[in-house]
Amino acid sequence: MKAQILNAIRAVYDSVPLVHSITNFVVMQVSANALLAAHASPLMAHAVEEMDDLTDIDAALVLNIGTLDPAWLESMELAGSLMKKKGKPVVLDPVGAGASGLRTRSALRLLDTVRPDILRGNASEIMALAAEIRSADKVTTKGVDSRNSSDEALDSARALAERFGCAVSVSGERDVMTDGRSSLVVEGGSPLMPLVTGMGCSASAVTGAYAAVCPDRLIAAAAAMAVMASAGEKAGARAKGPGSFLPAFLDELYLLDPEDAASRVRVLEA
Amino acid sequence: MKAQILNAIRAVYDSVPLVHSITNFVVMQVSANALLAAHASPLMAHAVEEMDDLTDIDAALVLNIGTLDPAWLESMELAGSLMKKKGKPVVLDPVGAGASGLRTRSALRLLDTVRPDILRGNASEIMALAAEIRSADKVTTKGVDSRNSSDEALDSARALAERFGCAVSVSGERDVMTDGRSSLVVEGGSPLMPLVTGMGCSASAVTGAYAAVCPDRLIAAAAAMAVMASAGEKAGARAKGPGSFLPAFLDELYLLDPEDAASRVRVLEA
Amino acid sequence: MKAQILNAIRAVYDSVPLVHSITNFVVMQVSANALLAAHASPLMAHAVEEMDDLTDIDAALVLNIGTLDPAWLESMELAGSLMKKKGKPVVLDPVGAGASGLRTRSALRLLDTVRPDILRGNASEIMALAAEIRSADKVTTKGVDSRNSSDEALDSARALAERFGCAVSVSGERDVMTDGRSSLVVEGGSPLMPLVTGMGCSASAVTGAYAAVCPDRLIAAAAAMAVMASAGEKAGARAKGPGSFLPAFLDELYLLDPEDAASRVRVLEA
C-alpha cells in the first residue's frame, strides 16, 4: 500500500498534471492554489465553446456543483462526456447534495450520464445520494438521520460505487474510500480544516491530480486524501486559528513529506 | 447594552446559524471564511431552481449587489421574498449604490420588494440611497457632496430606516446603526481593514449570522460590527500590512474575546 | 529611466486610481487585494447595463479572459469601446490564448475592436497570438514550439505591438516589454510567484493602475512589473512556501520601496 501511494505522489511530481475544474465560485482561488502547491497545474473554464479544445489538453477533469446553475450543469455534462470519450478521468464533488432537490438530482444526473471515475464528498452528501438511489430502487433505507456515522457513510459509499462503477471517497474526521470491493482509510488532518472554506473542494481538485496519473482509482483517491491529511496535520500544528491555517496548509502541501503522507493509508477491508 | 451583545454572541456560538449569501464573486471566499471563523455556517447559491429548498434550511439570507447582473437580481428577489414569507431575516448590502444607476435602482428595488431587516453599507452608499428617495419624494436634499461625514450618513440612515422599516448599519472609522428611533455606535477596527477586499461584505455576512439569532435588529447589527471591530483591532496590531492582516483577522474572529467586543458598543441616541 | 518609474509610482500613490476589472472568477479576490496594496482602488463589474455609468468614473479598465464565456466577452467589448471613446486606457490579459480557439479568437477580437493600450501576458500567450496573426498574414512562422524562449517572445511582442499599436508586456523569469520600437526589461521576483494563482492577473491589474496615471504606455507597463518584481522578491525571501508567499507579497506591495522597484528596469533596445 505504502509503495503504491509513494509511486502515485512521485508520478504527480514528475508529470505536473493539468487539472481542469468546473467548480464553484467560492473555492476557485483556493482550489487553484491547492493544485499548484500539490505540484499540479490548474485550469478553470466553463464555456461550452472551448470544451472540446480544453479536454484535448486536460489530464483530468473535476466537476463540483457548489454554486450550480443550469448553464454550468450543461458545461459539466459536456466536458465530462468529452473526457470519458477521450479516455481521461473525471472526479465529481456533489457539494450540497441533499440540501436541495436541484443538487441531488444534478449529482445523480452527472453520475449517470458522465460516469465519473471518483465520487468525492462528505458523509452527508454521500448518504443523501445513496438514500436517493435506494429509494428509487424501492430498497428500504434507514434514512439520513445518522449523518455523522462513518460506518453508515461507508455503506452508502459502497452502494454508490457498485451502482455507478466508480470509487467513492468520503472525507471526515477520518477519510474512507471504497471501490465497492476494497476499502481504505486515511487518518490525519486538523480540526481547523472544516473551518476553512474550500478544503473539501481542494481535496477533490487534488484527487483529480492523482486520478490523472494513477489508473487504480482507489489508490488515486487514497493518495490525494493522504496528501491533504499530512499537510493539514502539520499546518494545524503551526496555525493560530483558521486564518493562519490556510497559508500554512498551502506551504505544507508544497513541502510535503511523501513518507508521512503514505504512512497514513491503511486497508479497511480487502 | 453589553449584556444584550454578549447574549447575541452566545446565541451565535450555540446555534452556528446557516447563513445563505447571494453575493459578489470577489468576496465569496473571504465572506465564507469570515462566517466560519465567526462560528456560523456559510452557504452560497444563486440558482432560482433551488431557492425554495434552500430557504427552508437557511437561518438568514444576505444579499450583496457587488457584481450584480439582471439574472442574479432575479435570484435575490426570489430568495428574499421566500425568506420573508418564511419569517426569516434578510440583510442587504448595497455595494456600489450611487456608482451606477443599475446599482442604485437595484438596491432600492430590493429594499422595496423584499423589505430586508437590515441594510448594511458604507457612508457613500447609504447617502446615495437616501438622496435618491428624498429626490423622488421632492424633499430638498443637501446632495452627496459631503460623503465622508458620519453625521450626514446617520441622517440618511434614519431616513432609510423610517422609509423601509429596517435597521441601517453604516461602516466607517466608527460604525453607526439606527432603527430610525435609537442609534448605536461601535468603535474599533484597524486602518488596514479598507485595504483588504471584502471586509465590508464580510461585515454584512456576519450581520446575517447575528440577525439569525437576535430578533432585535439594532442589537444584531451592533453585535456583528462589534465582533468585526474587536477582531480587526487585534489583527491590526499583529499585521505587517494588508496581506498578513487577513489571516490574522480570521484568527482573531475565531478566537474572539466576547467581553472586548461587547464593550465597544455605546448608545448614541435612545 | 529610473526617474520616470519613480514619477509613475508617485502618481499612483497620489491619485489612487480606480481600476475597473472585467476578469476571471479565480483571481478576482487576489487582483482586488493587489490593487489595494498597490495604492489603487479596485472595481469589479460585468453587467452591460452599468458599463456607461462605470466607465465615466473608471481611471483604467483591465480585461482578462481567464474564465471567458460569450456573455462576458460582450461586456468586455462594450466596456473597452466606451473607455477608448472616453479617452481612457485599457489593458488586455489574454489568459490561456493558444489553449483553446475561443480564447485565441476572443483575444484577437478584443485587440482588433477595442485596441487596448497594453497587452500583458506570458510568453506562451503572446507567442500564440503572434503566430495566429502571422499565419493569417501568410508570413512564415517558426511556430510556438520554443515556448520558453524570451527572445522568441520578444519578437512576437514586437509583431503584436506593431500590428495593434499597443505596448506588449511579457512576464517570465525576467519580464520584457516593448512598444514595437523601444524595449525594456525588468528583473526580480521569486520562483514562488508561478506557484500562486493570480500573480499574472494581478500584474495586469496593477498595469491598469499605472496606465491610468502614465501616458507613456511602455513606462506604465515597466513600472507595474517593477513594482511586482520588487514586492515578489522581498516576499519570496520571507515566505516558507506558496501559502505564506501571498500574504507576504501583499504586505511588500503595500510597503514598497520605490527606489528598489525603479532600479529593476533597464533599457533592452532604444
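These legends go with several views of a predicted model.

**View 1. Chain A as a whole.** Here's the full fold of chain A, with its 11 helices and 9 strands. Its C-alpha trace spans about 45 × 45 × 35 Å along the principal axes. The radius of gyration is 17 Å, which agrees with the value near 18 Å that a compact globule of 270 residues would have.

**View 2. Inside chain A.** Look past the surface and you'll find that 64% of the 270 residues of chain A count as buried. Contacts here often bridge a good stretch of sequence: of those between residues at least 6 apart, 74% join residues at least 24 apart.

**View 3. A:Val168 and its neighbours.** This close-up sits on strand E6 of chain A (residues 167-171), where A:Val168 is found. A:Val168 has 33 other C-beta atoms within 10 Å, and since 20 or more is enough to count as buried, this residue is buried. Leaving aside residues up to four places away in sequence, A:Val168 touches A:Leu119, A:Ile126, A:Ala157, A:Leu160, A:Ala161, A:Met177 and A:Thr178.

**View 4. A:Val168 and A:Arg217.** These two residues are 49 residues apart along the chain, and their C-alpha atoms are separated by 9.1 Å.

**View 5. Chains A and B around the axis.** Turn chain B by 120°, with 0.0 Å of shift along the axis, and it superposes on chain A with an RMSD of 0.0 Å. The two copies are therefore related as by a three-fold rotation axis. In chain B, B:Phe25 has the C-alpha nearest that axis, 3.8 Å from it. The copies use different surfaces, though: 16% of the contact residues of chain B recur in chain A.

Terms used
Residues numbered from 1 in each chain as written. Chains lettered and ligands numbered in written order. Predicted model: local features only at pLDDT ≥ 70, side-chain atom pairs only at ≥ 80, totals over all residues. Helix = DSSP H or I, 4+ residues; strand = E, 2+ residues; numbered from the N terminus. Rg over C-alpha atoms; globule rule 2.2 N^0.38 Å. Buried ≥ 20, exposed ≤ 12 C-beta atoms within 10 Å, placed from the backbone. Contact = placed C-beta atoms within 7 Å. Least-squares fit on C-alpha atoms with pLDDT ≥ 70 in both.
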